[in-house]
Amino acid sequence: MLIEAFETERLVHRPLVPADLDDLARLFADAETMRYIGEGQPRTRAQTQEVLDFILDQYRQHGLGLFATIEKPSGRLVGRCGIIVWHIQGVLETEVAYLIARDCWGRGYATEAAAAFVARALAHPAWPTPYVVSFIRPENAASIRVAEKIGMTFWKERTLMGLPALAYRKDLPPRG
């Protein structure tokens, strides 16, 4: 099962829990942090609760999902990163997604976290799709760099939530 906590060099990744609502609400309330996420708007506490409920449901349905990203030295929740399983325009997608608090940008946390989740996908014997993808707004150069650093390449353009998105993809090795 992929919903177990694990560590990378500077971060702890653990499943989100209902008690994380306050930290997520603070993260999601920042307009700059949320500029390229979803519809590009900050979220209210009630909207954050809906997102948290969706994440917890992903754990139950798929055994994976988005995790709390915790900075080791401070113990502070600095983001949410992981895998989203969803149907987009009738196609099952497994997205490696990453969101890091604005005050932690430029430290390489998104790259560290995203690379760890891709590695988990590569090691999983029953991954739901033959690839992982990241959907990125075309103007989000930092997120494009993260995708490229973890071995993803541009695949195609998409429209998500009525907005343009670039799909970056990494194929998984054939299962045996």
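This report describes the overall build of one predicted protein chain, then its nonpolar cores, then the surroundings of two residues.

**Overall build**

The chain holds four helices and eight strands. Read from the N terminus, these elements follow the order β-β-α-α-β-β-β-α-β-α-β-β. For a chain of 176 residues, a compact globule would have a radius of gyration near 16 Å; the value here is 15 Å, so the chain agrees with that expectation. Along the principal axes, the C-alpha atoms fill a box of roughly 40 × 35 × 30 Å.

Of the 176 residues, 51% count as buried. The accessible surface of the chain is about 8600 Å², and carbon and sulfur atoms account for 54% of that surface. Contacts in the chain often link distant parts of the sequence: among those between residues at least 6 apart, 61% join residues at least 24 apart.

**Nonpolar cores**

The largest nonpolar core contains 51 residues, and Leu 16 and Tyr 98 have the most contacts inside it. Helix H3, which spans residues 109–123, contributes the most to this core, with eight residues. Another core lies apart from the largest one and has seven residues, including Ile 88, Val 133, Leu 160 and Ala 165.

Tyr 98 can be followed further through its contacts beyond four places in sequence. These partners include the nonpolar residues Ile 37, Cys 81, Ala 110, Ala 114, Ile 136, Val 146 and Ala 147. Arg 80, Ser 134 and Ser 143 are also in contact with Tyr 98.

**Thr 94 in strand S5**

Thr 94 is located in strand S5, which covers residues 91–100. Its relative accessible area is 0%; buried means under 20%, so Thr 94 counts as buried. Which groups does the side chain of Thr 94 reach? The table gives two of them, with their distances.

| Atom group of Thr 94 | Partner | Distance |
|---|---|---|
| Side chain | Side chain of Trp 127 | 3.2 Å |
| Side chain | Backbone oxygen of Tyr 131 | 3.0 Å |

Trp 127 and Tyr 131 also appear among the residues that Thr 94 touches when those up to four places away in sequence are not counted. The other residues touched by Thr 94 on that basis are Ile 83, Ile 84, Val 85, Pro 128, Thr 129, Val 132 and Val 133. One of these, Val 133, belongs to the core of seven residues.

Definitions and conventions: Residues are numbered from 1 along each chain as its sequence is written. This is a predicted model: local features need pLDDT of at least 70, side-chain atom pairs count only at pLDDT 80 or more; totals for chains, interfaces and linings use all residues. Side-chain values use heavy atoms; hydrogens and water are left out. A nonpolar core is a set of buried Ala, Val, Leu, Ile, Met, Phe, Trp, Tyr and Cys residues joined through side-chain atoms within 4.5 Å. Buried means under 20% relative accessible area, exposed over 50%, partly exposed in between (1.4 Å probe, protein chains only). Helices (H or I, at least four residues) and strands (E, at least two) are DSSP runs, numbered from the N terminus. Contact means heavy atoms within 4.5 Å. A polar contact is a pair of N or O atoms within 3.5 Å; within protein, one must be able to donate a hydrogen and the other to accept it, and residues adjacent in sequence count only if both atoms are side-chain atoms. The radius of gyration is taken over C-alpha atoms; the globule rule is 2.2 Å times the number of residues to the power 0.38. Accessible areas come from the Shrake-Rupley method with a 1.4 Å probe; for residues, only the protein chains shown count as cover.
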